[in-house]
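User: Please take a close look at one part of this structure, the one at the start of the chain, and then place that part in the rest of the molecule. Explain the reasoning where there is any.

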Amino acid sequence: MPLVYLAFLLLGIACMLLIDRRFRLFFWRDAAAASMVTLAGTAFLLLWDAAGIAGGIFLRGGAGIASGVVLAPELPLEEPVFLVFLVLCTMVLYTGLARLLQRRRRNRTRRRLR
């Protein structure tokens, strides 16, 4: 069962992309900007992880569901994939909430004009 965690991370990314596609929130709204945000966010979080690893704060656990592939000391293969999922999930939630709030404001304005 060594690739279970990675498989579920990839499944989570696929589900987020399906939600994104359905509502055109992030990648399906502006793929170039979404790619830049995803890369920048993932790079920032990887640097944060590197600082935590260097400081002895972040340690790799010995989970049996992980692949066992290590990209750097204490940095498993699943970590960058998880960070991509985290950024994608955050941006889909953010853009979805922004759209809902915008719609709510618009409806309030319409009611006031009546």
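Analyst: The expected span of a helix is 1.5 Å times one less than its number of residues. The model here is a predicted one, and that rule can be applied to helix H1, which covers residues 4–23. With 20 residues, H1 should span 28 Å; its end C-alpha atoms are 29 Å apart, so the two values agree.

Next, the faces of H1. Its buried residues are Leu6, Leu9, Gly12, Ile13, Met16 and Asp20. Viewed down the helix axis, these residues fall within an arc of 120°, and therefore they line one face of H1. The general rule behind such a pattern is that an α-helix has 3.6 residues a turn, so residues three or four places apart point the same way. Phe8, Leu18, Arg21 and Arg22 sit on the other side of H1, where they are exposed. Helix H3, residues 78–113, is among the elements that cover the buried residues of H1.

One of those exposed residues has a further contact to report. Arginine 22 lies over the face of phenylalanine 23, at 4.6 Å from the ring centre.

Where H1 stops, the backbone deserves a look. Just after the helix, arginine 24 takes a positive phi of about 50°. Most residues other than glycine have a negative phi. Arginine 24 has its positive value although it is not a glycine. It is found in the loop between H1 and H2. At 49% relative accessibility, arginine 24 counts as partly exposed, because buried means under 20% and exposed means over 50%.

The structure has another residue of this kind. Glutamate 74 is also not a glycine, and its phi is near 65°, a positive value. Its place is the loop between strand E1 (70–72) and strand E2 (75–76). Glutamate 74 counts as partly exposed, since its relative accessibility is 33%.

Back to the aromatic residues. The structure holds 2 aromatic pairs. In one of them, the rings of phenylalanine 26 and phenylalanine 27 have their centres 5.2 Å apart and their planes at 75°, so the pair is edge-to-face. Phenylalanine 26 counts as buried because its relative accessibility is 6%. Phenylalanine 27, with a relative accessible area of 23%, is partly exposed. In the other pair, the ring centres of phenylalanine 44 and tryptophan 48 are 5.9 Å apart and the planes meet at 55°, so the pair is tilted. Both of these residues lie in helix H2 (residues 31–54), 4 residues apart, which is about one turn of the helix. Phenylalanine 44 is partly exposed, at a relative accessible area of 49%, whereas tryptophan 48 is exposed, at 53%.

H3, already named as part of the cover over H1, can be treated in the way H1 was. It has 36 residues and reaches 52 Å from its first C-alpha to its last, close to the 52 Å expected at 1.5 Å a residue. Its buried residues include Glu78, Pro80, Leu83, Val87, Met91 and Gly96. H1, H2, E1 and E2 are among the elements that cover the buried residues of H3.

The loop between H2 and E1 contains serine 67. Serine 67 is buried, with a relative accessible area of 18%. Setting aside residues up to four places away in sequence, serine 67 touches Pro2, Leu3, Leu77 and Glu78. One of these partners, Glu78, is also on the list of buried residues in H3.

Finally, the whole protein. It has 3 helices and 2 strands, and read along the sequence these follow the pattern α-α-β-β-α. A compact globule of 114 residues would have a radius of gyration near 13 Å, but this protein has 18 Å. Its C-alpha atoms fill a box of roughly 65 × 30 × 25 Å along the principal axes. Of the 114 residues, 25% count as buried. Among contacts with a separation of 6 or more, 66% are between residues 24 or more positions apart. The cover that H3 gives to the buried residues of H1 joins parts of the chain far from each other in residue number: H1 is residues 4–23, and H3 is residues 78–113.

Terms used: Residues are numbered from 1 along each chain as its sequence is written. This is a predicted model: local features need pLDDT of at least 70, side-chain atom pairs count only at pLDDT 80 or more; totals for chains, interfaces and linings use all residues. Side-chain values use heavy atoms; hydrogens and water are left out. Buried means under 20% relative accessible area, exposed over 50%, partly exposed in between (1.4 Å probe, protein chains only). The arc is that of the directions from the helix axis to the C-beta atoms. Contact means heavy atoms within 4.5 Å. Rings of Phe, Tyr and Trp (its six-membered ring) pair if their centres lie within 6.5 Å; planes under 30 degrees apart count as stacked, over 60 as edge-to-face and the rest as tilted. A charge sits over a ring if NZ of Lys or CZ of Arg is within 6 Å of the ring centre and within 35 degrees of the ring normal. The radius of gyration is taken over C-alpha atoms; the globule rule is 2.2 Å times the number of residues to the power 0.38.
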